[in-house]
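The following report takes up metal coordination, strand pairing, nonpolar packing and a few individual residues, in that order. Please read it alongside the sequence and the coordinates.

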Amino acid sequence: MVSFCPKCGTEKGPFVRGFCTRCFLEDNRLLRIDRKLILPKCKRCGKILVRGRWLEENADSLLKFILSKVKWSDVERPSLAIEAEHTGKGLKIYLNVSCKVEGVPLSTSYETFIQYKLQYCESCLKISSSYYEVTIQLRAEDKAKIKRAIYLIKDVLASQLKNDTLAEIVKMIKRKNGYDLLIGSKKAAKSAVAELKRKYKANVKKSSTLAGLTKDGKPKVKYTYSVRI
Ligand SMILES: [Zn+2]
Ligand SMILES: [Zn+2]
């Protein structure tokens, strides 16, 4: 018995549900995905929101996002690789799909488009509304020394910004003999103070104040470092 594809007439197998693989793929999708996907992206740090978490944008996180939007048809051993191409408004995504149907290996590709929706991630929202955890009261008699110390603090914070988006000076207030620096992240401020201690043998006093309660009823504490260099 000679089998052939009822659509194109080829006798060249393999056949899937009676059709050659080319005709089968023309009429059947291996997966469904919307033509356009909206992806929240932080306009400050560039992280993307995938399954409720803010992640660095890279090949892994984009694949995770795409997989969360894919609905597979009834196929065996599905696997998916993506390629992304930046365009003005977002990303063109090519989905290279392979799987088996009735034991026959199939592969094809589809396209979708990711449109960014720019907003702030939670940390950047805090920074943008001048949220801070720590005040460093930096004091010295010498103005040039203050300036150098501020550069040092900025360097320490910048080195941590990638992992700690709150590692930033949100406000600088000029005081007599120095500045008050309001800093978003407790942890980053602590390492900046440690660096001041190391470099200037600074005299440091730490104090804390209760600044109300968080939404879930925990005490909100703000720390102050008085640093004399
Ligand atoms: Zn055919
Ligand atoms: Zn952000």
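## Zinc sites

In this predicted model, the zinc ion (ligand 2) has as its protein donors the SG atoms of C42, C45, C121 and C124, which lie 2.3 to 2.4 Å from the ion. The arrangement around the zinc ion (ligand 2) is tetrahedral because its 4 donor atoms subtend angles of 102 to 116°, and an angle range between 85 and 135 degrees is what four donors need to count as tetrahedral. Along the sequence, the donor residues of this ion follow the spacing C-x2-C-x75-C-x2-C. Both C121 and C124 are buried.

The zinc ion (ligand 1) is coordinated through the SG atoms of C5, C8, C20 and C23, and the site is tetrahedral, with angles of 106 to 116° among the 4 donor atoms. In sequence, the donor residues of the zinc ion (ligand 1) are spaced C-x2-C-x11-C-x2-C. Distant parts of the chain are linked by the pair C5 and C20, 15 residues apart, with C5 in the segment before β1 (15–16) and C20 in strand β2 (residues 19–20). C5 and C20 are both buried.

The table sets out the donors and distances for each ion.

| Ion | Donors | Distance |
|---|---|---|
| zinc ion (ligand 2) | C42 (SG), C45 (SG), C121 (SG), C124 (SG) | 2.3 to 2.4 Å |
| zinc ion (ligand 1) | C5 (SG), C8 (SG), C20 (SG), C23 (SG) | 2.2 to 2.4 Å |

## Strand pairing

Strand β8 (residues 76–86) pairs with strand β9 (residues 90–101) in the antiparallel sense, over 9 bridges, and E76 stands opposite K100 in β9. These two strands, β8 and β9, form a hairpin with 3 residues between them. Strand β9 also runs antiparallel to strand β10 (residues 104–119), to which it is joined by 12 bridges; here V101 has V104 in β10 as its bridge partner. The hairpin of β9 and β10 has 2 residues between the strands, and in it E102 takes a positive phi near 50°.

## Nonpolar cores and helix α2

The largest nonpolar core has 27 residues, and those with the most contacts inside it are L30, I66, L95 and I114. At least two residues of this core come from each of β4 (36–42), β5 (48–50), α2 (59–69), β9 and β10, and β9 supplies the largest share, 6 residues. Leaving aside residues up to four places away in sequence, I66 touches I33, L37, L80, I82, I93, L95, T112 and I114. Another core, of 25 residues, lies apart from this one and has A149, L181, I183 and L196 among its members.

Which residues of α2 are buried? They are S61, L62, F65 and I66, and seen down the axis of α2 the buried residues fall within an arc of 135°, so they line one face of the helix. This fits the general geometry: an α-helix has 3.6 residues a turn, so residues three or four places apart point the same way. On the other side of α2, A59 and D60 are exposed. The packing partners of the buried residues of α2 are β4, β5, β6 (53–55), β8, β9 and β10.

## Individual residues

L62, whose place is in helix α2, counts as buried because its relative accessibility is 7%, the limit being under 20%. Not counting residues up to four places away in sequence, L62 touches L39, I48, E57, I82, A84, L91 and I114. The C-alpha atoms of L62 and Y225 are separated by 41 Å, the two residues being 163 residues apart along the chain.

K41, which lies in strand β4, is likewise buried, with a relative accessible area of 18%. With residues up to four places away in sequence left out, K41 touches G46, K47, I48, W54, E57, Y116, K117, L118 and Q119.

Is D155 buried or exposed? D155, in helix α4 (residues 143–160), counts as exposed at 55% relative accessibility, the threshold being over 50%. Between D155 and S68 the C-alpha to C-alpha distance is 38 Å, and the two are 87 residues apart in sequence.

Definitions and conventions:
Residues numbered from 1 in each chain as written. Chains lettered and ligands numbered in written order. Predicted model: local features only at pLDDT ≥ 70, side-chain atom pairs only at ≥ 80, totals over all residues. Heavy atoms only, no water. Donors = N, O, S within 2.8 Å, 3.2 Å for Na, K, Ca; no water. Tetrahedral: all angles 85-135°; square planar, octahedral: opposite > 155°, others 65-115°. Buried < 20%, exposed > 50% of the residue type's maximum accessible area, 1.4 Å probe, protein only. Helix = DSSP H or I, 4+ residues; strand = E, 2+ residues; numbered from the N terminus. Pairing = 2+ DSSP bridges. Core = buried A, V, L, I, M, F, W, Y, C linked by side-chain atoms within 4.5 Å. Contact = heavy atoms within 4.5 Å. Arc of directions from axis to C-beta.
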